[in-house]
Amino acid sequence: MIKNLEELNGMRKAGSLAAEVLEMIGDFIKPGISTGELDKICYDYIVDVQKAIPANIGYRGFEKTLCTSINQVICHGIPDDNRILKSGDIMNIDVTVIKDGWHGDTSKMYLVGKVQAHNERLVKITQECLYKGIEVVRPGASLGDIGHAIQTHAEKNYYTVVEEYCGHGIGKIYHDEPQILHYGEANTGQEIIEGMCFTIEPMINLGSKHTNLLEDGWTVETRDGKNSAQWEHTIYVNKNGAEILTQRAEER
Ligand code: MF3
Ligand code: CO
Ligand code: CO
């Protein structure tokens, strides 16, 4: 769906609130805290301070505000009072807030305590993959250009791209069309049009690209047990390129 200015302003508000959750929680991320506690802090912040709605709660039966995906978990990790962060963990926090009916969806990686160099590098290159995907966005480009830019950068660094999960159109609907693949060929797929809003959220693996869904029905892990990283932004396509609706102060 193509957004007009009023709708874009709704998306801007939701996006900045989602970004603020990731900024707010950063100071709490230390060895010893549980992902369940992090979830509670973010829930309270979204509901009491932001007066917004945590979109993940009740989404297809998911019960938490955040997805907390640590180390070999690719995405959709479930916050848990018994999962205590330890030094060396790398963790993605993915949050979506709804404000005035509009969704803002974003995630970032956090380093817990002292992290091994190869894990820190995975985190950094994955963020670069997200930015390279965003950089090719402009009216007239194709969705395949995004996937191609991401896959090229990942593979140049001897990493792999997860194929089963993808970015998505977003607005009043959380997961809308089109699907945004994080791999593919340049000049293929749908044309990018001014006014579109969608997420780009590459999941990049140290080892093989293959995934494994756990018995809980949500947690997605790498099949080989090696680590994975993910970063996500919600973007709006303007005349010249992409406006990042979920940009954090640290990125400006
Ligand atoms: N925020 C995720 C995404 O980027 C979806 C999480 S769905 C949940 O699309 F139910 F697991 F929270
Ligand atoms: Co998303
Ligand atoms: Co998300």
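1. In this predicted model, Asp105 bridges two cobalt ions, ligand 3 and ligand 2, and the two metals lie 3.3 Å apart. The points below take each metal site in turn and then the ligand 1 site.

2. The cobalt ion (ligand 2) has as its protein donors Asp105 (OD), His168 (NE2), Glu201 (OE) and Glu232 (OE), at distances of 2.0 to 2.2 Å. Along the chain these donor residues follow the pattern D-x62-H-x32-E-x30-E.

3. Six donor atoms surround the cobalt ion (ligand 2), and the arrangement is irregular because the angles they subtend run from 51 to 161°. For six octahedral donors the ideal angles would be 90 or 180 degrees.

4. The cobalt ion (ligand 3) is coordinated by Asp94, which is listed with two OD donors, together with Asp105 (OD) and Glu232 (OE); the distances are 2.1 to 2.4 Å. The sequence spacing of its donors is D-x10-D-x126-E. Glu232 is listed as an OE donor to ligand 2 and also as an OE donor to ligand 3.

5. The geometry at the cobalt ion (ligand 3) is irregular too, because its six donor atoms subtend angles of 58 to 164°. In both cases water is not among the atoms, so the sites may look incomplete.

6. Ligand 1 is surrounded by 14 residues, the closest being Asn56, Tyr174, His175, Glu201 and Glu232. Two of these residues also belong to the metal site described above: Glu201 and Glu232 are protein donors of the cobalt ion (ligand 2).

7. Which atoms of ligand 1 do the side chains of Tyr174, His175 and Glu201 approach? For Tyr174, a polar side-chain atom lies 2.8 Å from a nitrogen atom of the ligand. For His175, a side-chain N or O atom is 2.7 Å from an oxygen atom of ligand 1. For Glu201, the pairing is likewise between a side-chain N or O atom and an oxygen atom of ligand 1, at 2.7 Å. The protein buries 97% of the 330 Å² that ligand 1 exposes when taken alone.

8. The shell around ligand 1 is mixed in character, with five nonpolar, five polar and four charged residues. The space that ligand 1 takes up is the largest pocket.

9. To sum up the link between the sites, Glu201 has a side-chain atom 2.7 Å from an oxygen atom of ligand 1 and is a donor to the cobalt ion (ligand 2), while Asp105 bridges that ion and the cobalt ion (ligand 3).

Definitions and conventions
Residues are numbered from 1 along each chain as its sequence is written. Chains are lettered from A and ligands numbered from 1 in the order in which they are written. This is a predicted model: local features need pLDDT of at least 70, side-chain atom pairs count only at pLDDT 80 or more; totals for chains, interfaces and linings use all residues. Side-chain values use heavy atoms; hydrogens and water are left out. A residue is near a molecule or strand if one of its heavy atoms lies within 4 Å of it. A polar contact is a pair of N or O atoms within 3.5 Å; within protein, one must be able to donate a hydrogen and the other to accept it, and residues adjacent in sequence count only if both atoms are side-chain atoms. Accessible areas come from the Shrake-Rupley method with a 1.4 Å probe; for residues, only the protein chains shown count as cover. On a 1 Å grid over the protein atoms alone, a cavity is a set of points where a 1.4 Å probe fits but cannot get out, and a pocket is an open set with protein on both sides within 12 Å along at least five of seven lines; lining residues have an atom within 4 Å of a point. A molecule sits in a cavity or pocket if more than half of its atoms lie within 2 Å of its grid points. Ala, Val, Leu, Ile, Met, Phe, Trp, Tyr, Cys and Pro count as nonpolar, Asp, Glu, Lys and Arg as charged, and the others, Gly among them, as polar. Donors are N, O and S atoms within 2.8 Å of the metal (3.2 Å for Na, K and Ca); water is not among the atoms, so sites may look incomplete. Four donors count as tetrahedral if all angles lie between 85 and 135 degrees; four count as square planar and six as octahedral if opposite donors are over 155 degrees apart and all others between 65 and 115; anything else is irregular.
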